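This report goes through selected local features of a structure, from charged pairs to helix packing and single residues.

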Amino acid sequence: MLEVRSLTRSYGTRTALAGVSFTVGAGEVVGLLGANGAGKSTLLRTAAGLQPPDSGEALIAGHDIWAKPLAAKQSLGYAAEEPSFHEELSAREYLAFVAAVRGLAPAAAHDRALALARQLELAPRLDEPVRGFSHGMRKKLSFLAAVLHEPRVLLCDEALEGFDAPSALAAKSEIRRLAGHGAAVLFSSHVTETVERLCGRVVLLHEGRVARTLAREDWGAGDDLHSPLERVFLDVLGMALAGERR
Amino acid sequence: MTRIPPEQVHAFRALGRRLAARRASEMGLRLWLVAATLAACAAAFTYWQVRVPLDGALRHAGVAGAVRLLSLVLGGLVLTGGALAAWRRVALTAAPPGPEWLALPVEPAIVDRHLAREARLPALAVVIPAAAAWLAGFGLLPVSALLLLPITFALALALVTRLACALALRVAARGSGPASRLPAAWCALVTARVPAAGARIAPAVFRSEAPHRALARLDRAVSLRAGSPRARLTFALTAMVASLVPWFAMPEPLQARALAFAAFALACAELGAWAAWRAAGDPASAVRPLPLSLGDAWLARARPLALALGAVLLVHALLAGPLPVVARIGLPISWALPALLLALLGLHLGLSLAGRPGAAENLYYAWLVTGLFGSITIPLLGWVVLIAACVQATRRLPRWNTPEPA
């Protein structure tokens, strides 16, 4: 459903992605973990069609996002880490625009937008300009727009950071529901507790490469200080750093 | 008067120097060459525009008349510099660049001084035409006047830009509640970046429509609400209406046509600026993941532009009664070409610089200024320049498909 093949991207002399490859199957929620600057956001922005790769490809529901962008983006939802909007529009106007561009049936799209907005506690502010929204509300709106059309591939770039607890719970339920209906979800986060509860598999990125792929059974139990996945993540990171020093 | 510790003064001076050095290095060689060429064009243009009248003034009114004329030119440039500084100071008051200044242990007065210095930088642009005007006086004015005028100009520019910044700060820094009791510099920092209170907008209707129509609808909503695009549209609309007035007010049809075309071209230029701003101004993370093509982005802006221009041209053809029939029929056809050229230049620059509305608009105005200088130097050369610019912008359109992060 989501297939990333040998994705490479550099910024000047700094390599952000160095031949990253992995797949996320239908119905799977895969976590994407990595230290700051590991290449997570670059990977997600490249896979979402926001910035082109130097080489490699990202297939969304079988379509290369850069070769066949329209077909790929019909199946794609992307919740941004730092969402940007037309600040003068109201949230409802923005969602109406997204629904029209995606060719959704107006009445059904409106009902779904309203239902999701209620779950995310955004409904009372739907008719206010986005420029007055807090960071958390902007992220909720970005998430809402990303899932409005029930995408077949959902890319979440630290999408739930900044959500209040009830909204985060609602968003996680929506992600699980979409996966239950066959969507492939790639979920990037720094909060390992969220990843280990939500994801069935985790891809660990380190300096633009896939350092390791972990299945749920790989991360076992934690300790007093660390969650299970956090401990494994730190171990892998430590091994990678030790390997570099050698 | 607030006493500012000397170490803070040094720190802010160092910051100013580093910012200037960084900006200079970020321009790159190519942009420096372009800027130098534009400056040379502006200087040459000013030189000849001042030199000839100065010579005339010397013949008819003597040395005193010539000195008076050059003083008036330099005075006008000083006032332009003041207006530029004030305009920039207002912009910096609304969104002061840099960190959260109030979180730092610095006096707001020194931050104000720093921002005022930043605001005065664009005013230095008037030094180029001023220097050219001064050079135009060589061989015509006495040495004493040539020595005195630049010194007076420099002092007046420094004084007027400072006053303009202070005035702009007082006008722009309007706080409410406790903020209104603070000094202006402090009040400006307190009220900057504070989001506006959540005014309600009439609930949007979800519709089934083609992507380019949805984008055009979004453009309309954004353009009618946002300050900058709305100002452009208002200016364009005013110039459009003004272009119709000569048909009623001028008895001589050829004069009426010339004036009407001038106002119409001005309106088209502003519509082009709007197109550049809107086409480049779509936020990447909101629009790029959507199934929108370059065709949609182009059509969403080109269609309303063509419809608006077509409607105005039709009105012109109807009002141009004093002209012969052939001229009336030819008017919309001959005016449509420059109108479309200006509008498409703005649109194509905006689409090829997606995510960078400021750069698109600056480039657009740079082309217009080059075209203007070209036409003043050699009649119609400006249109050749603008056609070349439009061809180049059109060739760059595929860049819309591969955006880089802004």
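The text below covers salt bridges, helices and a few individual residues.

## Salt bridges

The model is predicted. Side chains of opposite charge can pair when their charged atoms come close. Over all chains, the count comes to 24 salt bridges. The table gives three of these pairs with the distance between nitrogen and oxygen.

| Pair | N to O distance |
|---|---|
| Arg231(A) and Asp235(A) | 3.9 Å |
| Arg23(B) and Glu118(B) | 2.6 Å |
| Glu361(B) and Arg232(B) | 2.1 Å |

The pair in chain A sits within one helix. Arg231(A) and Asp235(A) both belong to helix α8 (residues 228–245) of chain A and are 4 residues apart, about one turn of the helix. An α-helix has 3.6 residues a turn, so residues three or four places apart point the same way. Arg231(A) has a relative accessible area of 27% and is partly exposed. Asp235(A), at 42%, is also partly exposed, because its value lies between the limits of 20% for buried and 50% for exposed.

How many residues separate Arg23(B) from Glu118(B) along the chain? With a salt bridge of 2.6 Å between their side chains, Arg23(B) and Glu118(B) link distant parts of the chain, 95 residues apart. Arg23(B) lies in helix α1 (residues 6–94) of chain B, and Glu118(B) in helix α2 (residues 108–120) of chain B. The two partners fall into separate accessibility classes: Arg23(B) is partly exposed at 36%, whereas Glu118(B) is buried at 12%.

For the remaining pair in the table, the closest N and O atoms of Glu361(B) and Arg232(B) are 2.1 Å apart. Glu361(B) is in helix α12 (residues 357–377) of chain B and Arg232(B) in helix α7 (residues 227–249) of chain B, so this salt bridge ties together parts that are 129 residues apart in sequence. Both Glu361(B) and Arg232(B) are buried.

Some salt bridges share partners. Through them, Arg92(A), Arg125(A), Asp127(A), Glu128(A) and Arg200(B) are joined into one network. One member of this network, Arg92(A), is also among the buried residues of α3(A), a helix described next.

## Helices of chain A

Helix α3 (residues 91–101) of chain A is mostly covered, with 11 of its 11 residues buried. Among them are Arg92(A), Glu93(A), Tyr94(A) and Phe97(A). Which elements cover the buried residues of α3(A)? The cover includes α4 (106–119) and α5 of chain A, together with α6 (211–225) and α9 (284–287) of chain B. Just after α3(A), Gly103(A) has a positive phi of about 70°.

Two packed helices are described by the angle between their axes and the distance between the axes. For helix α5 (residues 135–147) and helix α6 (residues 165–180), both of chain A, the angle is about 15° and the axes are 12 Å apart. This makes α5(A) roughly parallel to α6(A), because the angle is under 35 degrees. The crossing of α5(A) past α6(A) is left-handed. On the α5(A) side, the contact is made by Lys140(A), Phe143(A) and Val147(A). The α6(A) side contributes Ser167(A), Ala171(A), Glu174(A), Ile175(A) and Leu178(A).

## Individual residues

Thr46(A) is part of helix α1 (residues 40–47) of chain A. It is buried, with a relative accessible area of 0%. The side chain of Thr46(A) reaches the backbone oxygen of Thr42(A) at 2.5 Å. Beyond residues up to four places away in sequence, Thr46(A) touches Leu7(A), Leu17(A), Gln51(A), Pro52(A), Pro53(A), Ile65(A) and Trp66(A).

Arg201(A) is in strand β9 (residues 201–206) of chain A. What does the side chain of Arg201(A) reach at 2.6 Å? The side chain of Arg201(A) reaches the backbone oxygen of Thr23(A) at this distance. A polar contact, likewise of 2.6 Å, joins the side chains of Arg201(A) and Glu28(A). With residues up to four places away left out, the residues that Arg201(A) touches include Val24(A), Val29(A), Val30(A), Gly31(A), Thr213(A) and Leu214(A).

In chain B, Ala263(B) belongs to helix α8 (residues 253–280). At 16% relative accessibility, Ala263(B) counts as buried. Leaving aside neighbours within four places in sequence, Ala263(B) is in contact with Ala239(B), Ala242(B) and Ser243(B). The C-alpha atom of Ala263(B) is separated by 16 Å from that of Leu341(B), a residue 78 residues apart along the chain.

Definitions and conventions. Residues are numbered from 1 along each chain as its sequence is written. Chains are lettered from A and ligands numbered from 1 in the order in which they are written. This is a predicted model: local features need pLDDT of at least 70, side-chain atom pairs count only at pLDDT 80 or more; totals for chains, interfaces and linings use all residues. Side-chain values use heavy atoms; hydrogens and water are left out. Helices (H or I, at least four residues) and strands (E, at least two) are DSSP runs, numbered from the N terminus. Buried means under 20% relative accessible area, exposed over 50%, partly exposed in between (1.4 Å probe, protein chains only). Contact means heavy atoms within 4.5 Å. A polar contact is a pair of N or O atoms within 3.5 Å; within protein, one must be able to donate a hydrogen and the other to accept it, and residues adjacent in sequence count only if both atoms are side-chain atoms. A salt bridge is a side-chain nitrogen of Lys or Arg within 4 Å of a carboxyl oxygen of Asp or Glu. Axes are lines fitted to C-alpha atoms, for helices over the stretch in contact, and angles run from 0 to 180 degrees between N-to-C directions. Angles under 35 degrees count as roughly parallel, over 145 as roughly antiparallel, 65 to 115 as roughly perpendicular and the rest as oblique. A crossing is left-handed if the near helix is turned anticlockwise from the far one by less than a right angle, and right-handed if clockwise.
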